[in-house]
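Please look over the sequence and the model below before reading the briefing on its helices and nonpolar cores.

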Amino acid sequence: MATTATATPGKTSFVKQFLNDHPDGTTKTVNEAWQAAGFEGTISPTLVNKTRVKLTGKRRVEARTAAKGKAAARMPKTATATPGKTSFVKEFLHDNPQANARAVNEAWTAAGMKGTISHPIISQVRKQLGLTDNLRGNSKTAAKEKSAPRLPKTATATPGKTSFLNEFLHDHPQGNVKAANEAWTAAGFDGTISETLVYKTRASLGLTGNLRGKTKAAAEGKATSTGKKLGRPRKEPTAAGNGQPRGRKSDRSLALTELEADIDRLIFKVMGIGDLSQIEDSLRRARRLLYGALNRG
């Protein structure tokens, strides 16, 4: 029979196997099992404790690895590019159909992704998945929105277009109507964005300048019948009997446009917070009234 010193590797192996089967085993129970197996000598408490520490650390690592694997399996696959955002939103809304923009962005951040997901992307994905726009199930509010007979058909889509333009012009300050519509179509949205909305959004962002260059109408206004160009045309009243100069009317329209954009931003903030349907409805009614005042000029 070998001495106790040379049997230490065998003792270590024995203790590992015993503690793996009996995690709560003590030095006493280990030695009882050792002697019951017909081995001589005893196993020291130091060896038992060292072996237990190694096994405990190994179990913790295995537990953390398993937890990460489960979390990764539940988390939608994402990419850093914009198409990855669309894929992320599709998977997230498929599992959480009542989630709003705030919940989507919280999940996006929790997944370790940078930036945020815009409202237009979330709204478009909800539309593709056949999910309703009303996340709070307020059927009374939805009925009011549908029963507004004088509201223009494009009014419900305007906030989305305005938000889209805000983001687009923030990244492309020199973008014109054509560039904005090309980006809108490339994002998979239906319809087009009007010149008026583009100019309103540019004004609300403090962007100035005629991006289209010299238009045909401007060229005709600066030329006589003989083809000779004249100086700057004089200002004329906008309508007979009105007597209000174009400059004053433009200032008022600009102010109303900026106010309309401010209301749009407030609506989106309220939607992001969630569960504020009455405030959201009030802002939408105020926006419709402002829209009417803007059209009456």
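The points below cover the ground rules, two helices and the nonpolar cores.

This is a predicted model, in which local features need pLDDT of at least 70 and side-chain atom pairs count only at pLDDT 80 or more, while totals for chains, interfaces and linings use all residues. Residues are numbered from 1 along each chain as its sequence is written, and side-chain values use heavy atoms, with hydrogens and water left out.

**Helix α9**
- In helix α9 (residues 177-186), a DSSP run of H or I with at least four residues, numbered from the N terminus, the buried residues are V177, A180, N181 and W184, buried meaning under 20% relative accessible area and exposed over 50% (1.4 Å probe, protein chains only).
- Because these buried residues fall within an arc of 95° seen down the axis of α9, they line one face of the helix, the arc being that of the directions from the helix axis to the C-beta atoms.
- K178 and A186 are exposed on the other side of α9, and G188, with a positive phi near 90°, follows the helix.

**Helix α2**
- Helix α2 (residues 27-36) has V30, N31 and W34 as its buried residues.
- These residues cover an arc of only 95° around the axis, which puts them on the same side of α2.
- Exposed K28 and A36 sit on the face of α2 turned away from its buried side.

**Nonpolar cores**
- The largest nonpolar core has 14 residues, and F88, V89 and V104 are among those with the most contacts inside it; a core is a set of buried Ala, Val, Leu, Ile, Met, Phe, Trp, Tyr and Cys residues joined through side-chain atoms within 4.5 Å.
- A second, separate core of 11 residues includes L165, L169, V177 and L197.

Notes: Helices (H or I, at least four residues) and strands (E, at least two) are DSSP runs, numbered from the N terminus.
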